[in-house]
Amino acid sequence: MNRTVKIKLENNNDLVNTIKEYSKIKQQICDLGLKKSSFNKNKLHKWTYKKLKKQYPNMPTGILQTARDVASEILKRTKLKKKINGKEYSSMRLDKRNLRVDMLHNKISISSIVGRKKLTFIDNPMTIRYKDCSAIAGTLCFRNNQLYLNVVLEKDNPPKINLGGIKVEDIIGIDRGINNIVVMSNNQFFHSNHLKDVKGKYQYLKKVLQNKGTKSAIRKLQKISRKETRFVSDTNHCLSKAIANSDFKVFSIEALNIKTKKKNGKRFNKKLGGWSYKQFETFLDYKLEALGKILVKVNPKHTSQMCSKCNHIEKANRKGSIFKCVNCGFELHSDLNASRNIANLGKSEISRLQVNQPIVVPQGNYKITNSLVIN
Ligand SMILES: [Zn+2]
């Protein structure tokens, strides 16, 4: 299963010049093919390759060949009847020979007329979603003074989910928080101490550099910001991977858009330096999808105030990290209590689906995620 993702690149004159040369080459091949009335790739190669290699000695051979392939396709499409007027900057087709993309670490390497150009890119919602995909091809475009890479990513078809086969013990609840980045309803805690330390260091350094305000300080600041972003995404990857690979089949999580208003206040942001809980969720979502597991999103209302044993809801039940039910006396770590409530909500959602829905959840469409939201 393939997916194309658009990535905005920093402008780079060498790449822009490569596109310009590529466009000229493509045009030359088109003109010759039209003149000789052929779109046959082998013939076009024989007629043009040596000449072009001499004329454009710095153009990588792989790109020269894709220019020929593209020209041949255009000639075929226009049935050799139309004069082709290519743009000054056509989209440059790339394949595995001349394009390498490391989605996880935001690195791109593209062949150009001055050798390989290495670039980094900033994540967008699409690139975050396809972090564990590999690039098989791409097109480099220069439009309105901006470089873009449309990268074709490859992903295996996810296995189908059999809702009927899910038992209560297959369902786990996940609570996200400040002191513990993740607490799972099977008593597993992922502490935030280390994350807080690292985040704190970055925040301090950023503040110092911001106050300096010099040109070199700003450059350093940008470098540190990129490092920090990578740290967060690497951590979210490891965390979501560990959780997705556990024995459970259904992972119940709070729908963030509702809770953010309450939990993601200034204090919450500051404590973990604006940790990307949403990113964690996105990573978890696609890792589960690939494994044929389900992410259920539940309503976060009362999950921290409700007793996971007797369902009594009261604010006084919770005092910091201690949860003690005023109704039944049940006592537990408050994050663990919340994760159990989240698991219970996930369980009721799954049994509702098992009653109301056909056995198999449709999968394999990238536009539809396997997340289910309960209202
Ligand atoms: Zn209780």
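How many bridges join strand β10 to strand β11? Keep that question in mind while you get your bearings, and we will settle it a few stops from now.

**Stop 1: the whole chain**

Start with everything visible. What you see is a predicted model. The protein chain has 375 residues, and 34% of them are buried. Its secondary structure consists of 10 helices and 18 strands. Now think about contacts between residues with a separation of 6 or more: in 71% of these, the two residues are 24 or more positions apart.

**Stop 2: helices α1 and α3**

Select residues 13–35 for helix α1 and residues 61–77 for helix α3. A quick reminder before you look: two packed helices are described by the angle between their axes and the distance between the axes. Here the angle is about 45° and the axes are 9 Å apart. That is why α1 is called oblique to α3. Their crossing is right-handed.

Next, show the side chains where the two helices meet. On the α1 side, pick out Tyr22, Ile25, Lys26, Ile29, Cys30, Gly33 and Leu34. On the α3 side, their counterparts are Ile63, Leu64, Ala67, Arg68, Val70, Ala71, Ile74 and Leu75. Try colouring this contact by residue class: you should find 12 nonpolar residues, one polar and two charged.

**Stop 3: helices α2 and α3**

Keep α3 on screen and add helix α2, residues 41–55. The axes of α2 and α3 come within 10 Å and cross at roughly 140°. This angle makes α2 oblique to α3. The crossing of α2 and α3 is right-handed.

Which residues of α2 make the contact? Select Lys41, Leu44, His45, Thr48, Leu52 and Lys53. From α3, add Leu64, Arg68, Asp69, Ala71 and Ser72. Colour by class again, and the contact of α2 with α3 shows four nonpolar, three polar and four charged residues.

**Stop 4: a three-stranded sheet**

Strands of a sheet pair through backbone hydrogen bonds, either parallel or antiparallel. For an antiparallel example, find the open sheet with the strand order β3-β4-β5. Select 99–102 for β3 and 115–120 for β5; these strands stand at the edges. Each has a single partner strand, so one side of each is left without a neighbour in the sheet. Neighbouring strands here are turned by 15° against each other on average, direction ignored.

Now select β4, residues 107–112. Six bridges link β4 with β5. To see one of them, look for Ile108, whose bridge partner in β5 is Leu119. Bring α1 back into view as well: this helix lies across β4 and β5, at about 45° to β4.

**Stop 5: strands β9, β10 and β11**

Time to return to the opening question. Select β10, residues 180–184, and β11, residues 188–191: four bridges join these antiparallel strands. Label Asn180 and you will find its bridge partner, His191, in β11. Then label Met184, which stands opposite Gln188 in β11. The hairpin of β10 and β11 has three residues between the strands, and Asn187 takes a positive phi near 75°.

Add β9, residues 171–176, which runs antiparallel to β10 and is joined to it by three bridges. Arg176 stands opposite Val182 in β10. β9 and β10 also form a hairpin, with three residues between them.

Is β10 enclosed or open? Five of its five residues are buried, so β10 is largely enclosed by the rest of the structure.

**Stop 6: Lys249**

For the last stop, go to the loop between α6 (215–244) and β12 (250–254), where you will find Lys249. Is Lys249 buried or exposed? Lys249 counts as buried because it has 21 C-beta neighbours inside 10 Å, and the cut-off for that label is 20 or more.

Leaving aside residues up to four places away in sequence, Lys249 touches Ile166, Asp170, Lys293 and Ile294. Finally, draw a distance line between the C-alpha atoms of Lys249 and Ile172. These two residues are 77 residues apart along the chain, and their C-alpha atoms are separated by 8.1 Å.

Conventions
Residues are numbered from 1 along each chain as its sequence is written. This is a predicted model: local features need pLDDT of at least 70, side-chain atom pairs count only at pLDDT 80 or more; totals for chains, interfaces and linings use all residues. Axes are lines fitted to C-alpha atoms, for helices over the stretch in contact, and angles run from 0 to 180 degrees between N-to-C directions. Angles under 35 degrees count as roughly parallel, over 145 as roughly antiparallel, 65 to 115 as roughly perpendicular and the rest as oblique. A crossing is left-handed if the near helix is turned anticlockwise from the far one by less than a right angle, and right-handed if clockwise. Two residues are in contact if their C-beta atoms, placed from the backbone, lie within 7 Å. Ala, Val, Leu, Ile, Met, Phe, Trp, Tyr, Cys and Pro count as nonpolar, Asp, Glu, Lys and Arg as charged, and the others, Gly among them, as polar. Two strands pair if DSSP finds at least two bridges between them. A residue is buried if 20 or more other C-beta atoms lie within 10 Å of its own, exposed if 12 or fewer, and partly exposed in between; C-beta atoms are placed from the backbone.
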